Amino acid sequence: MRLPRLFLIAFVAALCAAPFVLQGYSLLMLNYVGLSVIVVLGLVLLTGVGGLTSFGQAAFVGMGAYSAAWLTTAMHWSPWASLLAGLVLTTVVALLLGWVTLRMSGHYLPLTTLAWGIAIYLLFGNSETLGGQTGITDIAPLNLLGWKLTASWQFHILIWGVVLAIIWTVHNMLDSREGRAMRALKGGALMAEAMGVNTTRFKTILFVLAAQYACVAGWIYACMQRFVNPTPFSLQQGIEYLFMGVVGGIGELWGGVAGSFLYALPREWLHSHLPALLGRSGSFEGVVFGVLMIVILQRAPEGLWPHLCRVCQRRAFAPGTNASVGVAALEARPKPNKGDAILALDAVTKRFGGLVANNAISFEVRAGEVLALIGPNGAGKSTLFNCISAVNPPSAGSIRFLGKPVEHCDSRRVAQMGMSRTFQHVRLLPRMSVADNVALGAHLRGKHSFVASAWRLDRAQELRIRATARNALERCGLCALEHVPAGSLPLGSQRVVEIARALAADPCLLLLDEPAAGLRYLEKRELADLLERLRDEGLAILLVEHDLDFIMGLADRVVVMDFGEKIAEGTPAEVRRNPAVIEAYLGGVDDAGDAQGEGVKA
Ligand code: ADP
Ligand code: MG
């Protein structure tokens, strides 16, 4: 995950040269671009990484700016104290907004941020204390160790220093256990929570961080301008920040930087040159600019930066390194002995209104065995799987895992206890490397927070997590593919990557939801071999399956369900001969020999 070093050096060198080359308005423009970059980097985190949309970032910029303006003029605070106060206020507001909306999916957050953006703009414009539409003037100049910051070049250093610091810390954070958890948000709450990721916590962190970056940009803006009015903090500006990110490539840090340049500079150029070109004045630049943006997004839907990187045949981030080779994997938990019952269902019942999807189901799963749960479509297998993996609690009955009741635990808790799962429809993060996807499975086995990772204080732990992921990949025979984006693999390999991700959590029980669905014959054979190896290592495997042929040679025991009831339990050979099973699968063919010969399938 490294940007080509040459580019980075050239970029920093250009920034260093700028105060000597650019003067007056040009340098001021560059400062404004830098302030936009700070806000847009927050949006890269929020929207690009977390998949959450906010139109209200300009309002947070306004909070930073008005904190500086009002506290330094009316209250005579130092600008630095006003920054602290602004950050505290922003954090409180972001936490409040997040608390109200982040638990809900869909359009609630964008709508709330829209309302928030409008409300705060009106507040600035209508509050006499804040100077109404005229705003506040005579903001105290910024002092740094007795050094007054007033010139553009001084702010140039401050602004771009902040930008580089944010890029460095965010880059570190994303390349860590907590960063993987943040990126997992895009894979949906079901997958992330099953990996032990507290999705509400991470969404809140991203929302607060984005708001704080915006607040810092606003505070610098006020100190630089030394006056504020409501105009730069309108909803339109909030939308423009989002636009900058999208145009540049909101999925990547440098996309955010590129977007701010690509948005601000052409706009400024059009603003000053278009009237002369057209021979008449008016706001034509808005129209031309709008058309230009549509063309750009049509040609490069992921944004210009990823497009540019592809054109240069170089990915924005070079592949990860093998620094974890030779590092010890994380310590494994003590495992139950082979043959011990580790999961026990007792009369588990699940009702959806009047429909009984599971009716008093009881069975056990033992360490070192493969138990297959089979049944025709609609039999209630997935519902039971969801009860066991704590996605949905049962309506009645008890589920004990390693001797402890888990029927009312959440999926993070059961993951922590040693139950790992895969999904019927593969849920990998397609753009993330195979190694990163697998490392996400070890999330609960690490400790360091996102603050520690931002400052690279988590490197020893990170190397061990990576070594653990590599170990899991080795067990599954996928080591050669560790740096490949997961989305580029065929379905059979993606299913195995999901199993490796589950193994990285060091489970005692592996839950597999239709692992052979959509696989070809050879892929099924390889998968069966892998599951046999894992079973021989002492792992308990519970798999929901549709395809009887697949489980016949693999499962030690089979539980058969139909219409929510358990209709049979036994060895594969026993259930295959069971008339109730033949009836359920083939609708009344009473010749078991026929069923065997044809390979009974759902
Ligand atoms: P299987 O996985 O064996 O094909 P399911 O567990 O998906 O079966 O479904 C069992 C029954 O429960 C079906 O009749 C299905 O329509 C019903 N069902 C499953 N999930 C829900 C739900 N969330 N709400 C209402 N009914 C559901
Ligand atoms: Mg199902």
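Where is the place of Asp138? The legends below get to that residue and a few others, all in a predicted model.

**View 1. Asp138 and its loop.** To settle the opening question, Asp138 is placed in the loop that runs between α5 (108–126) and β1 (142–144). Its backbone is the thing to look at here: Asp138 isn't a glycine, yet its phi is positive, at about 60°. For context, most residues other than glycine have a negative phi. Is Asp138 buried or exposed? Its relative accessibility comes out at 66%, so Asp138 counts as exposed, the cut-off being over 50%.

**View 2. Asp506, in the loop ahead of a strand.** Here's another non-glycine with a positive phi: Asp506 sits at about 55°. This one belongs to the loop between α19 (491–503) and β9. Asp506 counts as buried because its relative accessibility is 11%, and the cut-off for that class is under 20%.

**View 3. Glu193 and its contacts.** Glu193 is part of helix α8, which spans residues 189–194. Its relative accessibility is 14%, so this glutamate counts as buried. Which residues is Glu193 in contact with, once neighbours within four places in sequence are left aside? They are Asn198, Thr199, Ser411 and Arg412.

**View 4. Domain 2 against domain 3.** The chain is split into domain 1 (24–233), domain 2 (335–418 + 508–602) and domain 3 (432–506), and this view takes in the latter two. Measuring aside, the computed distance between the centres of domain 2 and domain 3, over C-alpha atoms, is 27 Å. On the domain 2 side, 21 residues are in contact with eleven residues of domain 3. Together the two domains bury about 1,200 Å², with 62% of that on carbon and sulfur atoms.

**View 5. Polar links across the interface of domain 2 and domain 3.** How many salt bridges does the rule find across this interface? There are two. Zoom in on Arg475 and Glu537 and you'll see their side chains paired in a salt bridge, with 2.6 Å from N to O. Five residue pairs are also in polar contact across the interface, both partners at pLDDT 80 or more.

**View 6. The domain 2 face.** Three elements each supply at least two residues to the side of domain 2 that touches domain 3: α15 (411–417), β9 (509–513) and α20 (521–536). Helix α20 gives the most, with six residues. By type, the residues on this side break down into twelve nonpolar, two polar and seven charged.

Notes: Residues are numbered from 1 along each chain as its sequence is written. Chains are lettered from A and ligands numbered from 1 in the order in which they are written. This is a predicted model: local features need pLDDT of at least 70, side-chain atom pairs count only at pLDDT 80 or more; totals for chains, interfaces and linings use all residues. Side-chain values use heavy atoms; hydrogens and water are left out. Domain bounds come from an automatic or database domain assignment. Contact means heavy atoms within 4.5 Å. Buried area is the accessible area (1.4 Å probe) that two parts lose on being put together, summed over both. A salt bridge is a side-chain nitrogen of Lys or Arg within 4 Å of a carboxyl oxygen of Asp or Glu. A polar contact is a pair of N or O atoms within 3.5 Å; within protein, one must be able to donate a hydrogen and the other to accept it, and residues adjacent in sequence count only if both atoms are side-chain atoms. Helices (H or I, at least four residues) and strands (E, at least two) are DSSP runs, numbered from the N terminus. Ala, Val, Leu, Ile, Met, Phe, Trp, Tyr, Cys and Pro count as nonpolar, Asp, Glu, Lys and Arg as charged, and the others, Gly among them, as polar. Buried means under 20% relative accessible area, exposed over 50%, partly exposed in between (1.4 Å probe, protein chains only).
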